Amino acid sequence: MSRSQGSSSSLKRKRPGLSSPSQSLTDHERKLYDVIRSKKDMGIWTRDMKKETNLPDNVVNKSLKALHAKNLIKEVVNIQNKGRKHYMATEFQPSKELTGGSWYVAGSLDTDFIRSLRMFCVKYIAEEKVATVEKVTELIRGNGAFVVEVTKQQVEEIVRALVLDDEVMEVQSNGMGEFGSVPVGNVCYKCAGKGHGGGVKAIIGAMASIPCGVCPRISLCTPDGVISPRTCVYYTKWLDF
């Protein structure tokens with residue numbers, strides 16, 4: 001995988017020490033640096049910094065080179081405007097608004113990562129028969145296939161996409177059979193079957209009609225309780241479907 005350990009969109013700050021290069025700046029460099037640093041993890045476009053500092057183009061360009069050489073600023077990619085030169089202080093990491101979040105690397109959509117994560121989500125849901133997002137996340141983290149830690153949110157977004165693509169169906173656990181490991185009422189996922197009558201959409205439509213999904217007593221339903229799938233006439237009729 002192309003992902004390197006430790007990528008993050010979180011804010012990181014390291015205040016300059018007594019011997020920091022920022023203490024040996026010219027007036028123009030200081031003015032420009034203060035404007036760039038004030039934008040924190042959002043950074044600033046070169047045209048905007050020229051407007052805010054009222055410095056001539058040649059002074060701004062020279063100061064940018066000096067600040068970059070002193071490792072006080074860095075150029076970052078803004079996925080919304082890739083052709084614009086965008087800078088921020090080196091003590092900050094670009095915000096998700098700039099980078100596009102966890103699905104982007106260096107301003108480009110990480111299609112290999114997304115494709116691999118989709119593959120593993122389908123694989124583990126199929127192997128488990130029924131799986132929650134938490135379970136899939138746990139299995140993916142444990143397989144060592146990625147050099148970065150896959151988050152629950154990433155898995156959840158991928159699974160939602162799989163549902164929309166009719167590869168996976170979202171269901172609620174009834175606590176019985178293949179749902180035994182998932183608490184009653186919890187949302188979980190199954191691979192969508194194929195080749196039965198109307199195909200995937202028909203199966204999903206049938207699953208969507210499961211009475212457990214709209215039952216107001218689902219939180220009280222247990223295999224051996226007063227309210228139980230064993231005694232539920234609506235659940236029996238649905239099974240006969």
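## Helix packing, sheet and loops in a predicted model

Helix α2 (residues 46-53) and helix α3 (residues 57-69) cross at roughly 115°, and their axes come within 11 Å. That makes α2 roughly perpendicular to α3. Angles under 35 degrees count as roughly parallel, over 145 as roughly antiparallel, 65 to 115 as roughly perpendicular and the rest as oblique. Axes here are lines fitted to C-alpha atoms, for helices over the stretch in contact, and angles run from 0 to 180 degrees between N-to-C directions.

This is a predicted model: local features need pLDDT of at least 70, side-chain atom pairs count only at pLDDT 80 or more, and totals for chains, interfaces and linings use all residues. Residues are numbered from 1 along each chain as its sequence is written, and side-chain values use heavy atoms, with hydrogens and water left out.

The secondary structure of the protein comes to 9 helices and 7 strands. Helices (H or I, at least four residues) and strands (E, at least two) are DSSP runs, numbered from the N terminus. Of the 241 residues in the protein, 37% are buried; buried means under 20% relative accessible area, exposed over 50%, and partly exposed in between (1.4 Å probe, protein chains only). Among contacts with a separation of 6 or more, 53% are between residues 24 or more positions apart, where contact means heavy atoms within 4.5 Å.

### Helix pairs

α2 passes α3 in a right-handed crossing. A crossing is left-handed if the near helix is turned anticlockwise from the far one by less than a right angle, and right-handed if clockwise. From α2, Thr 46, Met 49, Lys 50 and Thr 53 meet Asp 57, Val 60, Asn 61 and Leu 64 of α3. The residues of this contact divide into 3 nonpolar, 3 polar and 2 charged. Ala, Val, Leu, Ile, Met, Phe, Trp, Tyr, Cys and Pro count as nonpolar, Asp, Glu, Lys and Arg as charged, and the others, Gly among them, as polar.

Helix α6 (residues 133-142) packs against helix α7 (residues 152-164) at an angle of about 115°, with the axes 9 Å apart. α6 also passes α7 in a right-handed crossing. Val 133, Glu 134, Val 136, Thr 137, Ile 140 and Arg 141 in α6 meet Lys 152, Val 155 and Glu 156 in α7. By class, this contact has 4 nonpolar, 1 polar and 4 charged residues.

### Sheet

An open sheet of 3 strands has the order β1-β3-β2, with antiparallel pairing. Two strands pair if DSSP finds at least two bridges between them. β1 (44-45) and β2 (73-76) are the edge strands, each pairing on one side only. β2 and strand β3 (residues 86-89) are joined in the antiparallel sense over 4 bridges, and Ile 73 stands opposite Ala 89 in β3. Helix α1 (residues 27-38) packs on the sheet and touches β1, β2 and β3; the direction of α1 makes about 90° with that of β3.

### Loop residues

Two residues other than glycine have positive phi values.

| Residue | Phi | Loop | Relative accessibility |
|---|---|---|---|
| Lys 40 | near 50° | between α1 and β1 | 40%, partly exposed |
| Asn 71 | near 60° | between α3 and β2 | 54%, exposed |

Cys 221 lies in the loop between α8 (200-208) and α9 (233-240). With 10% relative accessibility, Cys 221 counts as buried. Cys 221 and Gly 175 are 46 residues apart in sequence and 8.6 Å apart in space, C-alpha to C-alpha.
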